[in-house]
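This briefing is meant to be read with the sequence and the coordinates open side by side. Please follow the residue names in the structure as each topic comes up.

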Amino acid sequence: MITLKTFGDHMGMAEELSEMDGCRSFLALSPAAQLQAVVTSTISHILKKLNKGCIYISLNKPVEVVEELFKAKGIPLEKVFIIDCATGRIARTAKKRNITYVSRPYNLTDINIRIAQFAKVLKNNGFVLVDSLDILRLYTKPEIMLQFIHSLVSLPVRYGLQLVVFGTTETFRTEMGNFAQYFDRVSQVSSVELRKSRPVKIA
């Protein structure tokens, strides 16, 4: 039995992350219709309220789309290090120092290299955000995905950062229940403002 908490405000998420020891990994689950709002609100909170840096790994959206979403939400682009895993192989170099590319969303070796580069700038004081884990289901077999998750959650330990992986509750309920064992925290979050948390049990 897996117990989740639902947080309507993102301060609840930040408080849980700040209290984490060891790997400090967090799987944040949201209804698919609200996932984007949860992601952008979380990034905004990290940058503006916690005053920390952020490495954002986009597994499902090219950087051009990400930048437009961030601009619309008032997120300062220069404070976010973006790893674009959605554009694919490209014959060009990123024009901005805070943007880099990885050929495939499941290429953890290259993702790790990019995180290491940006982690030096953050100086062990920030977050790694992964948006979103669902996309790997389209590319990999379950056993490969488990290997990816196992490797992914070890990254914060190396660089002194906190990891937040986003996913949808729909996917979690049907296919991702076993993945929760790899994370220090698993919470169901919503873009709707609910001041109190309530437990949600998933068999």
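The points below go from the overall make-up to the sheet, the cores, two helices, and the aromatic and cysteine residues.

The model is predicted, and its secondary structure comes to seven helices and nine strands. Of the 203 residues in the protein, 54% are buried. When contacts between residues at least 6 apart in sequence are considered, 78% of them join residues at least 24 apart.

**Strand β7 and its partners**

- Strand β7, which spans residues 162–168, is mostly covered, with seven of its seven residues buried.
- The cover extends to both faces of β7, since the buried residues are Gln 162, Val 164, Phe 166 and Thr 168 on one side, and Leu 163, Val 165 and Gly 167 on the other.
- Strand β2 (residues 25–30) pairs with β7 in the parallel sense over six bridges, and within this part of the structure Leu 29 has Gly 167 of β7 as its bridge partner.
- Strand β6 (residues 126–131) also pairs with β7 in the parallel sense, here over four bridges, and Val 130 stands opposite Val 165 of β7.

**Nonpolar cores**

- In soluble globular proteins, nonpolar side chains tend to be buried together.
- The largest nonpolar core holds 35 residues, and the members that touch the most other members are Ile 55, Ile 57 and Ile 115.
- At least two residues of this core come from each of β2, β3 (53–58), β4 (80–84), α4 (108–122), β6, α5 (142–152), α6 (155–159) and β7, while the largest share, six residues, is supplied by α4.
- Once neighbours within four places in sequence are left aside, Ile 57 is in contact with Ile 83, Cys 85, Ile 111, Ile 115, Val 128, Leu 129, Val 130 and Asp 131.
- Another core, of 24 residues, lies apart from the largest one, and its members include Phe 26, Leu 47, Phe 127 and Val 189.

**Helix α5**

- The buried residues of α5 are Met 145, Phe 148, Ile 149 and Leu 152; seen down the axis of α5, they fall within an arc of 95 degrees, so they line one face of the helix.
- The general geometry fits such a pattern, because an α-helix has 3.6 residues a turn and residues three or four places apart therefore point the same way.
- On the face of α5 turned away from its buried side, the exposed residues are Gln 147 and His 150, whereas the elements that cover the buried residues include α4, β6, α6 and β7.
- Pro 142 is also found in helix α5, and because its relative accessibility is 57%, where over 50% is required, Pro 142 counts as exposed.
- Although Pro 142 and Phe 179 are 37 residues apart in sequence, their C-alpha atoms are 10.0 Å apart in space.

**Helix α3**

- The buried residues of α3 are Val 63, Val 66, Glu 67 and Phe 70, and they cover an arc of only 100 degrees around the axis, which puts them on the same side of α3.
- These buried residues pack against α2 (35–48), β3, β4 and β5 (99–101), while the face of α3 turned away from the buried side carries the exposed residues Glu 68 and Ala 72.
- After α3 comes Gly 74, whose phi is positive, near 75 degrees.

**Aromatic pairs**

- A search of the whole structure finds two aromatic pairs, one of which is formed by Tyr 56 and Phe 70 in an edge-to-face arrangement, with 5.3 Å centre to centre and 65 degrees between the planes.
- Because Tyr 56 lies in strand β3 and Phe 70 in helix α3 (residues 63–72), this pair ties together parts that are 14 residues apart in sequence.
- Tyr 56 is buried, with a relative accessible area of 0%, and Phe 70 likewise counts as buried, at 1% relative accessibility.

**Cysteines**

- The structure holds zero disulfides.
- Cys 54 is buried, with a relative accessible area of 0%, and Cys 85 counts as buried at 2% relative accessibility.
- Cys 85 has already appeared above, among the residues in contact with Ile 57.

Definitions and conventions:
Residues are numbered from 1 along each chain as its sequence is written. This is a predicted model: local features need pLDDT of at least 70, side-chain atom pairs count only at pLDDT 80 or more; totals for chains, interfaces and linings use all residues. Side-chain values use heavy atoms; hydrogens and water are left out. Buried means under 20% relative accessible area, exposed over 50%, partly exposed in between (1.4 Å probe, protein chains only). Two strands pair if DSSP finds at least two bridges between them. A disulfide is a pair of cysteine sulfur atoms within 2.5 Å. A nonpolar core is a set of buried Ala, Val, Leu, Ile, Met, Phe, Trp, Tyr and Cys residues joined through side-chain atoms within 4.5 Å. Contact means heavy atoms within 4.5 Å. The arc is that of the directions from the helix axis to the C-beta atoms. Rings of Phe, Tyr and Trp (its six-membered ring) pair if their centres lie within 6.5 Å; planes under 30 degrees apart count as stacked, over 60 as edge-to-face and the rest as tilted.
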